[in-house]
Amino acid sequence: MRVKVGDVSLFFDVEGAKLRTDGAAMREVPTVLLLHGGPGFDHSNFKPDFSRLADIAQVVYLDHRGNGRSDRGDPAKWDLPQWGDDVRAFCDALEIVRPIVLGISFGGMVAMSYATRHPEHPAKLVLSSTAARLSQDRSLAMFEQLGGAEVREAARRFFEDPGPETIPDFQKKCLPVYNRNPMGPEFTTRAVTNFDLTFEFFRHESHSYNFLPNLGRIKCPTLIAAGTLDPITPLADSHDIAAAMAPGLARLEVFENAGHGAHRDEPDRFFKVLNEFILE
């Protein structure tokens, strides 16, 4: 399904009804809007794992502009302020009110953009394996800890010169250490990718964006999920997010045996924590 949002049409998919039969009444459940990682990939990285949320919520998958099955649009608008505004505009187009917005990795960056620019809109926020600003030094140190000097060097080359020459080595050597349970080849083969966007982001915006000064604008309860073995957005990044938010709003859940995306390495605990947060 696609919907017009500003100057582009965005692809989305839905699992689970918003209204459900409950005896003589119809019961409304929360809407969870999932923002995928990348950038340059699509919502397929949530499937099938997040289908289980449909038991308690309506689950909406969104491909960001320039990503997946959504329109590419103007490359000048491939930036975090625009992606954050797109989330609000997408919800307005579908009349989604008070969503629970969950972003993983790059999707968490988009979620922070959205929540700081539109603080009255979300009911709750989930930030999984993400960073309010990227620290290449932290990341390179973790790549070396998890994979050795060769893996660190492949990451360094990609960070310093992201492009078609450096990404094959990054995918071959770095992706396997993202998780204790490495992602299978289907993670990339079933995705609709736009590597031009990936390269553009890592050449420019990844070096300049910084949400830390603005996280105090967020007004909704926020669950932060982070693994101790995450090389691309290390645990310290999540501590930074929690410390920058208003007192009492952020809850940081640390997964000791998880890498990038705790749902991949500790799915039972992750979804238990997530379900409880959604239903609170």
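Which side chain does aspartate 7 meet in a salt bridge? In this predicted model, the partner of aspartate 7 is lysine 77, with an N to O distance of 3.2 Å. The pair links distant parts of the chain, since aspartate 7 sits in the loop between β1 and β2 (8-15) while lysine 77 belongs to the loop between β6 and α1, 70 residues apart. Neither residue is classed as buried: aspartate 7 is partly exposed at 37% relative accessibility, and lysine 77 is partly exposed with a relative accessible area of 31%.

A second salt bridge involves the loop between β6 and α1 as well. Here aspartate 71 pairs with arginine 2, and their closest N and O atoms are 2.4 Å apart. Because aspartate 71 lies in the loop between β6 (58-62) and α1, and arginine 2 in strand β1 (residues 2-5), this pair ties together parts that are 69 residues apart in sequence. Aspartate 71 is partly exposed, its relative accessible area being 24%, and arginine 2 is likewise counted as partly exposed, at 44% relative accessibility. As a general matter, side chains of opposite charge can pair when their charged atoms come close.

The salt bridge between arginine 156 and glutamate 153, with closest N and O atoms 2.4 Å apart, is a local one, for both residues lie in helix α4 (residues 149-160), three residues apart, or about one turn of the helix. An α-helix has 3.6 residues a turn, so residues three or four places apart point the same way. Arginine 156 is partly exposed, with a relative accessible area of 27%, and glutamate 153 is partly exposed at 29% relative accessibility. The two also belong to one network, in which salt bridges that share partners join Glu150, Glu153, Arg156, Arg157, Glu160, Asp169 and Lys173. Over the structure, the count of salt bridges comes to 24.

From these partly exposed pairs, the account turns to the buried elements, beginning with strand β5. Five of the five residues of β5 are buried, and both of its faces are covered, with Thr31, Leu33 and Leu35 on one side and Val32 and Leu34 on the other. Strand β5 runs parallel to β6, to which five bridges join it, and within this pairing leucine 33 has valine 60 of β6 as its bridge partner. Strand β5 also runs parallel to β7, in this case through four bridges, and leucine 35 stands opposite glycine 103 in β7.

Strand β5 is in turn among the elements that cover the buried residues of helix α2, which also include α1 (80-94), β7 (100-104), β8 (124-128), α7 (195-208) and α8 (235-244). Helix α2 (residues 106-117) has 12 residues and reaches 17 Å from its first C-alpha to its last, close to the 16 Å expected at 1.5 Å a residue. Of its 12 residues, 11 are buried, among them Phe106, Met109, Val110, Met112 and Tyr114, together with Gly107, Gly108 and Ser113.

Where do the nonpolar side chains of these elements gather? The largest nonpolar core has 55 residues, and those with the most contacts inside it are Leu33, Leu80, Phe90, Phe143 and Leu215. Helix α2 gives the most to this core, with seven residues. Leucine 215 touches Met112, Thr116, Ala132, Ile241, Ala244 and Met245, when residues up to four places away in sequence are not counted. Apart from the largest core lies another, of 25 residues, which includes Leu34, Ala54, Ile104 and Leu223. In soluble globular proteins, nonpolar side chains tend to be buried together.

The cysteines complete the picture. The structure holds zero disulfides; cysteine 91 is in none, and the nearest cysteine sulfur to its own, that of cysteine 220, is 12 Å away, whereas a disulfide would require the two sulfur atoms to be within 2.5 Å. Cysteine 91 is buried, with a relative accessible area of 0%, and cysteine 174 also counts as buried, at 0% relative accessibility.

Conventions:
Residues numbered from 1 in each chain as written. Predicted model: local features only at pLDDT ≥ 70, side-chain atom pairs only at ≥ 80, totals over all residues. Heavy atoms only, no water. Helix = DSSP H or I, 4+ residues; strand = E, 2+ residues; numbered from the N terminus. Expected span 1.5 Å × (residues − 1). Buried < 20%, exposed > 50% of the residue type's maximum accessible area, 1.4 Å probe, protein only. Contact = heavy atoms within 4.5 Å. Salt bridge = Lys/Arg side-chain N within 4 Å of Asp/Glu carboxyl O. Pairing = 2+ DSSP bridges. Core = buried A, V, L, I, M, F, W, Y, C linked by side-chain atoms within 4.5 Å.
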